[in-house]
Amino acid sequence: MIITGKYPNLRLRRNRKNDWSRRLVQENSLSYNDLILPIFVIEGKNKKQEISSMPDVYRYSVNRLSEIIDKALLKKIPMVAIFPYTNHKYKDNLGTEALNEDNLVCRSILYIKKKYKDKIGIMCDVALDPYTNHGHDGILKKGKILNDETNKILVKQSILQAQMGCDVIAPSDMMDGRIGEIRKGLDKNKFYEVQILSYAVKYASSFYGPFRDAVGSKKALKGDKKTYQMDYKNSIESLREVALDIKEGADIVMVKPGMPYLDVIKLVKDNFKIPVFAYQVSGEYSLIKNGIKKGLINEDSILESLISFKRAGANAIVSYFADKISL
Ligand code: PBG
């Protein structure tokens with residue numbers, strides 16, 4: 001560490017004295033290029049439905065997606081992430097609806113691609129939790145989540161999404177070996193150009209609460225996800241997860257949740273020369289949003305939270321604030 005002088009010759013406040021000076025010495029900044037907007041979709045027509053646990057976030061019916069995508073395009077947000085609220089009657093033990101080529105995600109991809117071509121990227125989760133009646137990301141049998149059997153379905157789900165036109169396949173399930181299997185499956189079907197964004201470092205977190213409400217898996221979920229998502233007491237383990245996923249073919253890796261795991265983002269970024277994304281998850285969003293609504297913190301907390309990811313080394317951030325902030 002180089003210390004360039006000492007007080008009173010050195011006064012660090014000099015560079016902070018005016019706004020123009022602070023702007024000149026700033027180390028990090030945020031632009032819309034850094035943001036990915038998650039969007040929830042529901043069945044029906046002309047619907048825009050409030051989500052009680054996520055103020056100012058809505059579920060849109062497919063035909064109304066243009067309303068939110070137009071907003072994203074105006075800000076030049078590069079990509080949206082699609083999440084379905086699946087009607088309970090379509091859920092079963094195996095998450096069969098994940099492979100229905102007429103499911104909400106497939107219809108959303110078709111709609112967006114038809115209307116916007118390649119003007120905006122589409123990322124889709126690969127996992128079974130929106131489709132299973134037990135709310136888990138994989139197949140549940142005798143109290144256990146089956147790894148390899150789940151992978152077989154995830155490969156099919158990925159290929160289906162790629163066929164519909166999905167640009168970025170984002171496995172969020174945390175099964176072992178799924179990135180390699182999915183890459184193989186995609187390549188076999190000539191989807192060489194479809195990217196894989198691996199939720200490589202995903203913790204078993206209570207910060208996902210509002211999301212599970214938003215996609216309707218909260219009441220369904222039996223138990224917790226600790227046998228597949230990571231233990232929040234660990235950080236070194238994240239390096240093994242990332243190393244494996246890179247070997248298996250991940251183009252980008254993600255750390256999730258965001259703010260409680262800034263150390264992990266930095267650790268991954270310092271150790272691997274690969275794009276690292278962060279997910280500012282639903283619980284983080286709702287806490288900040290409600291804090292602002294209650295007057296506990298002000299609006300600037302949003303930018304402060306997003307810049308913290310940049311400082312930690314994230315290349316891009318998935319955030320429910322993406323369409324709401326002005327930069
Ligand atoms: C599903 C999935 C989850 C999130 C994204 N994909 C929830 C979970 O694993 O239970 C959470 C996103 C958020 O909280 O905003 N595999």
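## Exercises on a predicted model

Lys-76 is found in the loop between helix H2 (65-74) and strand S4 (79-84). The structure it belongs to is a predicted model.

**Exercise 1. Determine the sign of phi at Lys-76, and decide whether the residue is buried or exposed.**

Solution.
Step 1. Phi of Lys-76 is positive, at about 60 degrees, although the residue is not a glycine.
Step 2. Most residues other than glycine have a negative phi.
Step 3. The relative accessible area of Lys-76 is 64%. The cut-off for exposed is over 50%, so Lys-76 is exposed.
Step 4. Lys-190 can be treated in the same way. Its phi is positive too, at about 65 degrees, and Lys-190 is not a glycine. Lys-190 lies in the loop between H5 and strand S9 (195-202), and with 63% relative accessibility Lys-190 counts as exposed.

**Exercise 2. Find where the cis peptide bonds from Tyr-7 to Pro-8 and from Lys-256 to Pro-257 are placed.**

Solution.
Step 1. From Tyr-7 to Pro-8 the peptide bond is cis, and omega is near 10 degrees. Pro-8 is part of the segment before H1.
Step 2. From Lys-256 to Pro-257 the peptide bond is cis, with omega near -10 degrees. Pro-257 belongs to the loop between strand S10 (252-256) and helix H8 (262-271).
Step 3. For background, most peptide bonds are trans.

**Exercise 3. Work out which residues of helix H5 (residues 178-188) are buried, and how they are arranged around the axis.**

Solution.
Step 1. Arg-178, Ile-179, Ile-182, Arg-183, Gly-185 and Leu-186 are the buried residues of H5.
Step 2. These residues cover an arc of only 165 degrees around the axis, so they are on the same side of H5.
Step 3. On the face turned away from the buried side, H5 carries the exposed residues Lys-184 and Lys-188.
Step 4. One of the buried residues, Arg-183, has a relative accessibility of 13%; the cut-off for buried is under 20%.

**Exercise 4. Explain how far Asp-187 and Arg-183 are separated along helix H5, and describe the contact of their side chains.**

Solution.
Step 1. The two side chains meet in a salt bridge, at 3.0 Å from N to O.
Step 2. Asp-187 and Arg-183 are four residues apart in H5, so about one helical turn separates them.
Step 3. Asp-187 has a relative accessibility of 28% and therefore counts as partly exposed, while Arg-183 counts as buried.

**Exercise 5. Describe the salt bridge of Asp-56 with Lys-289 and the parts of the chain that it links.**

Solution.
Step 1. In this salt bridge the closest N and O atoms are 3.1 Å apart.
Step 2. Asp-56 lies in the loop between strand S2 (48-50) and strand S3 (58-61), and Lys-289 lies in helix H9 (residues 282-293). The two residues are 233 residues apart, and the pair links distant parts of the chain.
Step 3. Asp-56 is partly exposed, at 44% relative accessibility. Lys-289, at 13%, counts as buried.
Step 4. Lys-289 can also be compared in position with Ser-301, twelve residues away along the chain: their C-alpha atoms are separated by 9.3 Å.

**Exercise 6. Decide which partner of the salt bridge between Lys-113 and Asp-118 is buried and which is exposed.**

Solution.
Step 1. The side chains of Lys-113 and Asp-118 meet at 2.9 Å, N to O.
Step 2. Lys-113 has 14% relative accessibility, so Lys-113 counts as buried.
Step 3. Asp-118 has a relative accessible area of 65%, so Asp-118 is exposed.
Step 4. The count for the model comes to 20 salt bridges. Glu-43, Asp-102 and Arg-107 are linked in a network of salt bridges.

**Exercise 7. Identify the residues of the positive patch and of the nonpolar patch on the surface.**

Solution.
Step 1. Arg-11, Arg-13, Arg-14, Arg-16 and Lys-17 gather in a surface patch of positive charge.
Step 2. Lys-17 sits in the segment before helix H1 (19-25). Its relative accessible area is 58%, so Lys-17 is exposed.
Step 3. The nonpolar patch is formed by Trp-20, Leu-24 and Val-25, which together have about 340 Å² of accessible area.
Step 4. Leu-24 is in helix H1 and is exposed, with a relative accessible area of 67%.

Notes:
Residues numbered from 1 in each chain as written. Predicted model: local features only at pLDDT ≥ 70, side-chain atom pairs only at ≥ 80, totals over all residues. Heavy atoms only, no water. Patch = residues over 30% accessible without salt bridge, like charges linked within 9 Å, V, L, I, M, F, W, Y side chains within 5 Å. Areas by Shrake-Rupley, 256 points an atom, 1.4 Å probe, with all protein chains shown as cover. Salt bridge = Lys/Arg side-chain N within 4 Å of Asp/Glu carboxyl O. Lys, Arg positive; Asp, Glu negative; His and termini not counted. Charge placed at Lys NZ, Arg CZ, Asp CG, Glu CD. Buried < 20%, exposed > 50% of the residue type's maximum accessible area, 1.4 Å probe, protein only. Arc of directions from axis to C-beta.
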